[in-house]
Amino acid sequence: MASGLKSIGSEDAIELARLLQAANGLASGATPECSTNGLPLQTALFKSGRRGLTQVQLAGIVGMTAAAISRMIDQLEGERFLVRLDHPNDRRSKVIQLTSAGRERVQICDAERRQRCERAFEGITREDLARLKSMLLRVLVNLGADNDIGNFQTGVTASTRAGSPTAALTGRKPPLVGRRSP
């Protein structure tokens, strides 16, 4: 059985890539407020409840390095979407919590994302969606782009990275975002 470009043709592959690029905003949102890179971090904080998370915990959940998560926290703190508080048990650590504006933003963006997804997949059967998901996961594995699908959004954390698409299809764990390959 032929695979890759030999079976579908390079023009078809390019057209599919363009379609994927056009659909890229589906999960994030149409409005600029919901298209920010900081939304996965804010969603993780939202899901943690009012207790918040440490920077190390957040980095593990969203699959980012400590330096990258620190820059993002600085930005979101400056926009007043989150705050850093002293950790109750560790003087060296801070707890990151959403502000009321941050919680509101997550709720609005989640509702927008759900509406966009419902509209996008209207009239498509569960079987077709399952096939599409399987094919897209294979494409991402072929490209080595596990982190591009958002480990956070699929429920994969640093402690459960074996559940990633690469691990499921190849038995390998993907690297964290921001780390350089040797």
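Let's start with helix H7, residues 126–143: at 1.5 Å a residue, its 18 residues should span 26 Å, and the C-alpha atoms at its ends are indeed 26 Å apart, so the two values agree. Keep in mind that this is a predicted model. Just after H7 comes Gly 144, with a positive phi near 65 degrees.

H7 also holds a salt bridge. Asp 128 pairs with Arg 131, and their closest N and O atoms are 2.2 Å apart. Why can these two reach each other along the helix? They sit three residues apart in H7, so about one helical turn separates them. An α-helix has 3.6 residues a turn, so residues three or four places apart point the same way. Both partners are partly exposed: Asp 128 has a relative accessible area of 34%, and Arg 131 has 48%.

Now step back to the whole chain. It has eight helices and three strands, and going along the sequence they follow the pattern α-α-α-β-α-α-β-β-α-α-α. Of its 182 residues, 32% count as buried. If you take contacts between residues at least 6 apart in sequence, 52% of them join residues at least 24 apart.

How many salt bridges does the structure hold? There are seven. Side chains of opposite charge can pair when their charged atoms come close. One of the bridges joins Lys 94 and Asp 86, at 2.6 Å from N to O; Lys 94 is partly exposed at 37%, whereas Asp 86 is exposed at 60%. Another links Arg 92 with Asp 90, with the closest N and O atoms 3.3 Å apart. Here Arg 92 is exposed, at 77%, and Asp 90 is partly exposed, at 24%. Salt bridges also link Asp 74, Glu 77 and Arg 84 in a network.

Next, look at Arg 105, in helix H6 (residues 100–120). Arg 105 is buried but has no salt bridge: Glu 79, the nearest side chain of opposite charge, is 4.0 Å away. What does Arg 105 lie over? It lies over the face of Phe 81, 4.2 Å from the ring centre. Leaving out residues up to four places away in sequence, Arg 105 touches several others, including Glu 33, Thr 36, Gln 42 and Leu 76. As for rings pairing with rings, the structure holds zero aromatic pairs.

Finally, find Arg 80, in the loop between helix H5 (66–78) and strand S2 (82–86). Arg 80 isn't a glycine, yet its phi is positive, at about 65 degrees. Is Arg 80 buried or exposed? With 62% relative accessibility, Arg 80 counts as exposed.

Terms used: Residues numbered from 1 in each chain as written. Predicted model: local features only at pLDDT ≥ 70, side-chain atom pairs only at ≥ 80, totals over all residues. Heavy atoms only, no water. Phe/Tyr/Trp six-rings, centres within 6.5 Å; stacked < 30°, edge-to-face > 60°. Lys NZ or Arg CZ within 6 Å of the ring centre and 35° of its normal. Helix = DSSP H or I, 4+ residues; strand = E, 2+ residues; numbered from the N terminus. Buried < 20%, exposed > 50% of the residue type's maximum accessible area, 1.4 Å probe, protein only. Lys, Arg positive; Asp, Glu negative; His and termini not counted. Contact = heavy atoms within 4.5 Å. Expected span 1.5 Å × (residues − 1).
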